[in-house]
Each structure stands twice: as C-alpha cells, then as structure tokens.
Amino acid sequence: MTDPLAPPLLDAQGRRMTYLRLSITDRCNFRCNYCSPASWGGKRDMLDARELARITSVFASMGIRRVRLTGGEPLIRPDILDITRNIAALPGIQHLAITTNASFLAPLAVPLREAGVTQLNLSLDTLSPETFRRISRQGDFDNILRGIDAAAGAGYASLKLNAVVMRGVNDGEVPALVAYAHARGLTPRFIELMPFGQGTPVPTAELIERLQASGLPLEPEPEEASDAASLTSGPARYWRAPGGRVGFISPLTQNFCGGCNRVRVASNGDLRSCLGGRAQAPLHQLIRGGASDVELAVAIRRALGDKPDGHRFTEPGNGATLLSMMGIGG
Ligand code: SF4
C-alpha cells in the first residue's frame, strides 16, 4: 500500500501540490474595505505555534516545499518568531514567505529574516495618507512606510509590493507605486479586485495599456523566466520595465487555476483545498483528538480528492464572503 505521508500530493485533477498557504490568524489591525467588514474584531487564534509546525511537517513530508503565512495580519501574533523558526527548520521546506500589511514590520524585519523567512509580500495600495484612511478605515500610514523601508534594508531574497487596484480609488497611482517600489528594490504587483467587498476592479489589460500610455515601457517576460526569477511559481505574470519587473495577478480576467499548485489551511485549522471551495478537513479537531500523522495525511488526501478545477467567482451567486476570506487568508 502507498505511504500516505510520501509525495506526491496530487489533487482530483492530477495537479501536484507544492505550496501551502497557512492562515495563522483572522485578526487584523486594519479594516480594508475590500477585505474585512468594518465591525470585524476577529476570533481567538485556534492553532498554536506547535500545532502549526505539526500540520506543516505533515504537508512537507507529502511534498509541500513552499509555505506562505497569511491572515488576517500574521505579524499581529506575539509568537510570530516562534512560528517562523519552527516552520523554517522543517525538513523539505525550501521557502517561507509572509504576506503582511507592514505596519508591525519595522522592528521585525531583521528578526524574521534571521528566523528563516525568505520572502515578504508587502501590501500597499496607495501612497496617499488620505486614500489609505479611506481604504483601511484605521491604522498608521507612517508605520507602514517605516516597515517597508526596514524590509528593503534587511537582506531578503525577494520582496514584493502588492496593490489591489480599485477604479476611482487608487488606479491613478499605479505609475507612482511602480516608481516607489523600484526605488527600494521591490517588485510591484497589481491585483485585480476580487468580488468580495466594496469597489470596482480594473482589468489587467487596461492597467497595462494605461501604464504604457503614461510613458512606462513594458515588455512581457516569457513565463519560464518569470517562474525561475520569482522563487515561487505563482499566478503572477511579469513584465519588464526600465527600473525592474512589474507583476500582475488577474484572477478575474486571466484565470490561473489550471496551473494550481496550492492548498490552504484556514486560521481555524480547517483545510481548504481551494479558495473557492468549502472547508474539507478539520485538521485542528483531528490534532486535538489525537490523530497520528498518517491519519492527518489520509484526511488531507481525501480532501484534495474533492478539489475543484477552479473557482467560480465570476459566476453569479458564487462569491465568497469577507468573513470567510479573513479566515482563509485570501
Ligand atoms: S481558486 Fe482554487 S483552483 Fe484556482 S488557483 Fe485558487 S486554489 Fe487553485
């Protein structure tokens, strides 16, 4: 009989899973209007640092090589350095990334790199304090800028600056965000707004045309070069500009589900085989109930046997909710 703890980890479509997105909290110090309800306070974190490492070690033995910590805001957890140290030390884990709003990052940028984090994705939608307040509804803008500068000087292998583009809100700032990122050695990436909260998306093709019309020469990178240079094969497609690369993530207009290599664990410990799917394996409950690593691996494989071929967000009535996105980690 095949060992359930041995690679490969395949889903129902035969796609090989190598990338785990691990939501470590559904709490956040911001209330961005495209991401969280204004009144959302979050819940208690369900998985402690030891349980997060246990779950990740099971995935690592099955072939997961890249882990991204998401939230909520991951750096809100006081045990973030323990979490990262434990996961980075696991055999098989080659890349450990964090997606963060950067507001707690200034004092943590160097300690996180020393704890084994290889990549940071920093969320910054605007360079205007007024627009920031309009989007995030709370939070200190200067702390974010300090956090980004600290990360830029901390020696990370890869730093990305992610902006969700909303028509009439920040779409006019895209050239300025490219210049801001390139001046700090970051790769800017522009994300089509998903249909969960407020705001109107701007299709990637329109954004590229507008950037070129603003005087920024952009040339598409071959996909192989994008993957090799980006450390992680993900949904972004990259273009070259004089100051560096520019990435675009287009879940609405360029569905990338065919190349999916990812699986998610929500902050309550439920496995979600797909962003657009339902909870499929209560890993936290299984751990608390004394499940062995083999039993966890069997539950994970069973859940992936039900993974859909892609999301259906663009079809009427199929959007996820903001509350579910806070826990799943986007
Ligand atoms: S929506 Fe589902 S299938 Fe598509 S990339 Fe995300 S996890 Fe993979």
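Which residue in E9 is the bridge partner of Arg189? In this predicted model, the partner of Arg189 is Gly247, and the pairing to which strand E9 contributes is one part of a wider architecture that is described below from the whole chain down to individual residues.

The chain comprises 330 residues, of which 54% are buried, and its secondary structure amounts to 11 helices and 12 strands. Of the contacts between residues at least 6 apart in sequence, 74% join residues at least 24 apart. The accessible surface of the chain is about 13600 Å², and carbon and sulfur atoms account for 53% of that area.

The strands are arranged in an open sheet of 12 strands with mixed pairing, in the order E7-E8-E9-E6-E5-E4-E3-E2-E1-E10-E11-E12. The edges are formed by strand E7 (219–220) and strand E12 (281–282), each of which pairs on one side only. Within this order, strand E6 (residues 187–192) and strand E9 (residues 244–249) run parallel and are joined by 3 bridges.

Strand E9 also contains Val246, a residue that counts as buried because its relative accessibility is 0%, against a limit of under 20% for burial. Apart from neighbours within four places in sequence, Val246 is in contact with Val178, His182, Pro188, Phe190, Leu218, Arg237, Tyr238, Trp239 and Ala241. The C-alpha atoms of Val246 and Glu221 are separated by 9.7 Å, although these residues stand 25 residues apart along the chain.

Glu221 in turn takes part in a salt bridge with the side chain of Arg240, with an N to O distance of 3.2 Å. This pair links distant parts of the chain, since Arg240 belongs to strand E8 (residues 237–241) whereas Glu221 lies in the loop between E7 and helix H8 (223–229), 19 residues apart. The two partners differ in exposure, Arg240 being partly exposed with a relative accessible area of 46%, while Glu221 counts as buried at 8% relative accessibility. Elsewhere, salt bridges that share partners bring Arg167, Asp171, Glu206 and Arg210 together in one network.

In total, the structure holds 13 salt bridges. One of them is formed by Arg54 and Asp293, whose closest N and O atoms are 2.7 Å apart. It connects distant parts of the chain, with Arg54 in helix H1 (residues 49–61) and Asp293 in helix H10, 239 residues apart. Arg54 counts as partly exposed at 26% relative accessibility, and Asp293 is likewise partly exposed, with a relative accessible area of 31%. A further salt bridge joins Glu130 and Arg133, for which the closest N and O atoms are 3.9 Å apart. Glu130 and Arg133 are 3 residues apart in helix H4, and therefore about one helical turn separates them. Of these partners, Glu130 is exposed, with a relative accessible area of 55%, whereas Arg133 is partly exposed, with a value of 48%.

A charged residue without such a partner is found at Lys307, which is buried yet has no salt bridge, the nearest side chain of opposite charge being that of Asp11 at 4.8 Å. Lys307 lies in the loop between helix H10 (293–304) and helix H11 (322–328), and its side chain reaches the backbone oxygen of Arg262 at 2.8 Å. When residues up to four places away in sequence are set aside, Lys307 touches Asp11, Ala12, Gln13, Arg15, Met17, Cys260, Arg262, Ser273 and Cys274.

Several backbone features were also identified. A cis peptide bond, with omega of about 0°, joins Pro7 and Pro8, and Pro8 is placed in the segment before strand E1 (19–23). The peptide bond from Gly71 to Gly72 is also cis, with omega near 15°, and Gly72 is situated in the loop between strand E2 (66–70) and helix H2 (80–88). Ala102, although not a glycine, has a positive phi of about 75°; this residue is found in the loop between strand E3 (95–100) and helix H3 (109–114), and it is buried, with a relative accessible area of 0%. Arg137, again not a glycine, has a positive phi of about 70° and lies in the loop between helix H4 (129–136) and helix H5 (141–152), where it counts as partly exposed at 34% relative accessibility.

Technical notes:
Residues are numbered from 1 along each chain as its sequence is written. This is a predicted model: local features need pLDDT of at least 70, side-chain atom pairs count only at pLDDT 80 or more; totals for chains, interfaces and linings use all residues. Side-chain values use heavy atoms; hydrogens and water are left out. Helices (H or I, at least four residues) and strands (E, at least two) are DSSP runs, numbered from the N terminus. Buried means under 20% relative accessible area, exposed over 50%, partly exposed in between (1.4 Å probe, protein chains only). Contact means heavy atoms within 4.5 Å. Accessible areas come from the Shrake-Rupley method with a 1.4 Å probe; for residues, only the protein chains shown count as cover. Lys and Arg count as positive and Asp and Glu as negative; His and the chain ends are not counted. A salt bridge is a side-chain nitrogen of Lys or Arg within 4 Å of a carboxyl oxygen of Asp or Glu. A polar contact is a pair of N or O atoms within 3.5 Å; within protein, one must be able to donate a hydrogen and the other to accept it, and residues adjacent in sequence count only if both atoms are side-chain atoms. Two strands pair if DSSP finds at least two bridges between them.
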